[in-house]
Amino acid sequence: MTEPVTVLDPTSEAAPGQRSLNPRPAELEGLTVGLLDISKPKGAVFLDRLEERLTTQGAMVRRYAKPTFTKPAPVDLRHEIATQCDAVIEALAD
Amino acid sequence: MYDRGWSDGLPLVPPTKERVLRMLEGTSRAGDEIVALMPPNLVECTVEKVAVNSVMAGCRPEYLPVVLAALEAVCTDEFNMHGILATTMGVGPVLLVNGPIATEIGMNSGVNVLGHGNRANATIGRAVQLVVRNVGGGAPGGVDRATHGSMSKLGFCFAEDEEGSPWTTLAEDRGFDRSVDVVTAFCGEGPRILVDQQSRSAESLVRMLAEGLLASVSPRTVMGMDGLLVLSPEHMARFSDAGWDRPRFMEELEKFLMVETDGILAGVGGIEEGLPPALAGLTLPKFRPGGLLVVHAGGPAGLFSAIIGGWVNGQMGSEPTSREIIR
């Protein structure tokens, strides 16, 4: 038997805060849905179509955009969406 | 250690207490000093955590100051390590070391400079990536969802051949004194080799280099992506023989890096990718001002240079970032 080797932990030793998603709304009538464009080409094409379909189903749509797709959404933008919307859809790219 | 998710796929050196303490002797900084907020989880990363990961990567203690400075460089808003980690494009931090420390710790700037066989080159970049993985929480399949990835995600670090260069170094070009140890982080992919074995004049070779550089990332990108050109000694000789210094070389090169936008508009040549119609009729530089970094490195024989394509540049993406290495 060889002696066990003790190694030091290379991780941050802190689990990032995990938050679960809100339950999926049963219906969209009267809800405010945010559409977040990450600012890659053609993201708006997808979101325009989603807006049409969501509006048809009685949702109110608010549009948002990240300043650049290469960086996380600014805290203010995330806060704005969280306080103004019941649900959010983020459009990826291309 | 592999099963715990700590490895990049290669075996790791077990970070025992003794090895970590020995690693910490490589820096004058305290173990509990905060080096940076490590993306993507934005957690505080201490010198000690960097030392643990540097042991695992296979670093010697004298490499630790370079790893620490590299992490400071990549964890800035301007370098944007979070975005580089998260992008589907296969880019990562390419680390270039200038100054006396490169020779002192035995870094390679010569034969096989971008390849294998040198412990410092191979492990410094690896240590940086292990810190991002283990401390920051950025691992492939998680936040890192690159389509192909590249060697720059495994660890890509090399030194400039300063001794053999007739030019100012990259760090000098970026405002540092030659006596200062500097690491420069550039967001890039793996290298591609550009062959020119027939040019004997500076005028010919500069045109050929420009042709190769015009295809960097895509022939249809202009100004939006940076580039890193690694000139080999034999290619450098064409320019030094002609009496061209760094500014003259850049001036001549830029003449051949101008792009007529009409040739790269969306739809031209049956290709849907390209510039929008609003940019028709212009002549634009392939690289934004300062967007092409040029260094001298490589073995003494071989009429090749290497091009490392970049990523989205500037405030919209990543800015090449230099930091002084504090021993």
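Start in chain B of this predicted model. Select H1(B) and H2(B): their crossing is right-handed. The two elements are helix H1 (residues 17-24) of chain B and H2(B), with axes that come within 9 Å and cross at roughly 115°. That angle makes H1(B) roughly perpendicular to H2(B).

Now show side chains. From H1(B), pick B:Arg19, B:Val20, B:Met23 and B:Leu24. They meet B:Glu48, B:Ala51, B:Val52, B:Ser54 and B:Val55 of H2(B). Colour this contact by residue type: six nonpolar, one polar and two charged.

**Next: H2(B) against H3(B)**

Keep helix H2 (residues 47-57) of chain B and add helix H3 (residues 64-74) of chain B. They pack at an angle of about 120°, with axes 10 Å apart. That makes H2(B) oblique to H3(B). The crossing of H2(B) past H3(B) is right-handed.

Which residues make the contact between H2(B) and H3(B)? On H2(B), select B:Val47, B:Val50, B:Ala51 and B:Ser54. On H3(B), select B:Leu64, B:Val67, B:Leu68 and B:Leu71. This contact divides into seven nonpolar residues, one polar and no charged.

Stay on H3(B). How many of its eleven residues are buried? Ten are, so H3(B) is largely enclosed by the rest of the structure. Among the buried ones are B:Pro65, B:Val66, B:Ala69, B:Ala70, B:Ala73 and B:Val74. The contact residues B:Leu64, B:Val67, B:Leu68 and B:Leu71 are buried too.

**Two backbone stops in chain B**

Most residues other than glycine have a negative phi, and most peptide bonds are trans. Chain B has an exception to each part.

Zoom to B:Pro39 and B:Pro40. A cis peptide bond joins them, with omega about 5°. B:Pro40 sits in the loop between strand E1 (34-38) and strand E2 (43-46) of chain B.

Then go to B:Asn112, in the loop between helix H5 (100-104) and helix H6 (119-134) of chain B. B:Asn112 is not a glycine, yet has a positive phi of about 65°. It counts as partly exposed, with 13 C-beta neighbours inside 10 Å.

**Over to chain A: the sheet**

Select the strands of chain A. They include an open sheet of three strands, in the order E2-E1-E3, with parallel pairing. Which strands stand at the edges? Strand E2 (60-65) and strand E3 (87-91) of chain A do. Each has a single partner strand, so one side of each is left without a neighbour in the sheet. The twist averages 20° from one strand to the next.

Look at strand E1 (residues 32-37) of chain A beside E2(A). They pair in the parallel sense over six bridges. Label A:Gly34 and find its bridge partner in E2(A), which is A:Arg62.

Now add the helices. Helix H1 (residues 43-56) of chain A packs on the sheet and touches E1, E2 and E3 of chain A. Its direction makes about 170° with that of E1(A). Helix H2 (residues 75-84) of chain A lies across E1, E2 and E3 of chain A, running at about 160° to E1(A).

Pause in the loop between E1 and H1 of chain A, at A:Lys42. A:Lys42 is not a glycine, but its phi is positive, about 70°. Is A:Lys42 buried or exposed? A:Lys42 is exposed, with 10 other C-beta atoms within 10 Å.

**Last stop: where the chains meet**

Show both chains. The contact takes 13 residues from chain A and 23 residues from chain B. On the chain A side, seven are nonpolar, five polar and one charged.

Technical notes. Residues are numbered from 1 along each chain as its sequence is written. Chains are lettered from A and ligands numbered from 1 in the order in which they are written. This is a predicted model: local features need pLDDT of at least 70, side-chain atom pairs count only at pLDDT 80 or more; totals for chains, interfaces and linings use all residues. Two residues are in contact if their C-beta atoms, placed from the backbone, lie within 7 Å. Ala, Val, Leu, Ile, Met, Phe, Trp, Tyr, Cys and Pro count as nonpolar, Asp, Glu, Lys and Arg as charged, and the others, Gly among them, as polar. Axes are lines fitted to C-alpha atoms, for helices over the stretch in contact, and angles run from 0 to 180 degrees between N-to-C directions. Helices (H or I, at least four residues) and strands (E, at least two) are DSSP runs, numbered from the N terminus. Angles under 35 degrees count as roughly parallel, over 145 as roughly antiparallel, 65 to 115 as roughly perpendicular and the rest as oblique. A crossing is left-handed if the near helix is turned anticlockwise from the far one by less than a right angle, and right-handed if clockwise. Two strands pair if DSSP finds at least two bridges between them. A residue is buried if 20 or more other C-beta atoms lie within 10 Å of its own, exposed if 12 or fewer, and partly exposed in between; C-beta atoms are placed from the backbone.
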